[in-house]
Amino acid sequence: MKPSVLTTVVELRAAAHASRSSGRRVGLVPTLGALHRGHLALIRMAQRLTDQVIVSLFVNPTQFGPGEDLARYPRDLEGDLEQCRALGVDMVFAPDAEEMYPAGDSTRVIVSGLTEHLCGRSRPTHFQGVATIVTKLFAAVGPCTAVFGRKDYQQLKVIERLVTDLMLPVTVIPAPIMREPDGLALSSRNRYLASDRRQRALGLVRALSEAHAAHAAGERNVGQLLGRVQELLRQSGLAIDYASINHPETLEPFDPSERLSGPALLALAGFVEDTRLIDNLVLGEEADPLAAPGATLDRILGPAGAV
Ligand code: AMP
């Protein structure tokens with residue numbers, strides 16, 4: 001059965017309330033749409049944890065900066081509905097921009113500290129757009145369990161922070177990064193990558209894998225780890241936005257002169273032509289991302305083609 005498509009906040013609030021009133025736990029998976037198997041794995045996780053999953057599909061304009069890819073960001077409502085249907089999702093929220101930002105809208109949610117590092121440096125208004133739309137969704141849905149991917153590690157930390165600080169009745173569940181069999185992290189922006197560009201994009205996961213190996217062999221010097229990562233990214237033909245090692249909770253960057261004494265986030269952002277891609281790994285906590293790249297995805301969804 002095709003999912004019912006809710007387009008207004010009033011409908012969304014009523015549907016979530018009705019589910020809870022009949023004793024069902026509500027799950028929320030916020031996305032920008034153009035669904036891929038990474039999103040589908042998040043939906044599966046939400047389905048395991050809750051009884052009524054709502055997938056939101058909304059290309060949120062406030063999280064795109066001037067000159068970014070808002071206009072060309074892939075949109076495919078029919079395809080998304082078909083994928084939701086195949087997974088048994090029966091409720092989708094797909095508002096238009098006027099619904100989420102009606103005339104006069106002037107409130108923004110700003111999470112300080114965490115947002116000053118990594119992507120926040122090159123995308124200074126991105127996280128206030130994310131925090132604002134996610135807060136609006138949480139306010140509309142009410143008590144729920146919401147699943148977010150570690151692919152957007154900084155976003156996940158920002159959302160965990162805002163839920164704590166604003167005392168929202170939401171349980172945030174992190175999902176592991178879902179990868180293609182060759183290791184590339186799934187992303188809606190991978191659609192921009194023709195095969196030669198895709199080869200270059202693989203430099204991201206190769207750099208993570210190499211850093212993982214060096215760390216596993218005992219390398220703890222931040223400068224040494226970053227130096228090798230940067231060299232590999234350049235060799236792969238990626239223009240580096242950042243390659244950084246940060247505290248996994250506060251996201252404070254480690255200085256190249258420091259030595260790591262616990263788990264540390266290695267976060268990468270780079271451009272292949274005009275496509276910006278990100279990837280990350282928590283050194284000392286997560287496995288080599290190239291050890292069995294598609295395994296997590298297959299475990300959750302079954303092999304490609306199953307969904
Ligand atoms: P997006 O539509 O790109 O905003 O992503 C919606 C949600 O899916 C976010 O929580 C992302 O972190 C998550 N997501 C996107 N790609 C992946 C991936 N490859 N692995 C895990 N989660 C992902």
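**Notebook: ligand site and second largest pocket**

I began with the ligand and found a backbone N or O atom of Met178 at 2.8 Å from one of its nitrogen atoms. The model I am reading is predicted.

I then looked up how far the protein encloses the ligand: 93% of the 480 Å² of accessible area that the ligand has on its own is covered by the protein.

Next I listed two contacts to ligand oxygen. Gly149 places a backbone N or O atom 2.9 Å from an oxygen atom of the ligand. For His39, I noted that an N or O atom in the side chain is 2.9 Å from an oxygen atom of the ligand.

I turned to the shell around the ligand. It holds 15 residues, and those that come nearest are Leu32, Gly149, Asp152, Met178 and Leu186. I recorded its composition as eight nonpolar, five polar and two charged residues. At least two residues each are supplied by strand 2 (26-31), helix 2 (37-49) and strand 5 (144-149).

I asked myself which residues lie nearest the centre of the second largest pocket. I found Ile177, Arg179, Ala287, Pro289 and Thr296 there, within a lining of 15 residues. Two elements, strand 9 (275-283) and helix 11 (295-301), give two or more residues to that lining. I noted that helix 11 contributes the largest share, three residues.

I entered a volume of about 270 Å³ for the second largest pocket. By class, I sorted its lining into nine nonpolar, two polar and four charged residues.

Technical notes
Residues numbered from 1 in each chain as written. Predicted model: local features only at pLDDT ≥ 70, side-chain atom pairs only at ≥ 80, totals over all residues. Heavy atoms only, no water. 1 Å grid on protein atoms, 1.4 Å probe; cavity = no way out; pocket = protein on both sides within 12 Å on 5 of 7 lines; lining within 4 Å. Points joined across faces, edges and corners; volume = space filled by probe spheres on them. Helix = DSSP H or I, 4+ residues; strand = E, 2+ residues; numbered from the N terminus. Nonpolar A, V, L, I, M, F, W, Y, C, P; charged D, E, K, R; others polar. Near = heavy atom within 4 Å. Polar contact = N/O pair within 3.5 Å; in protein donor to acceptor, adjacent residues only side chain to side chain. Areas by Shrake-Rupley, 256 points an atom, 1.4 Å probe, with all protein chains shown as cover.
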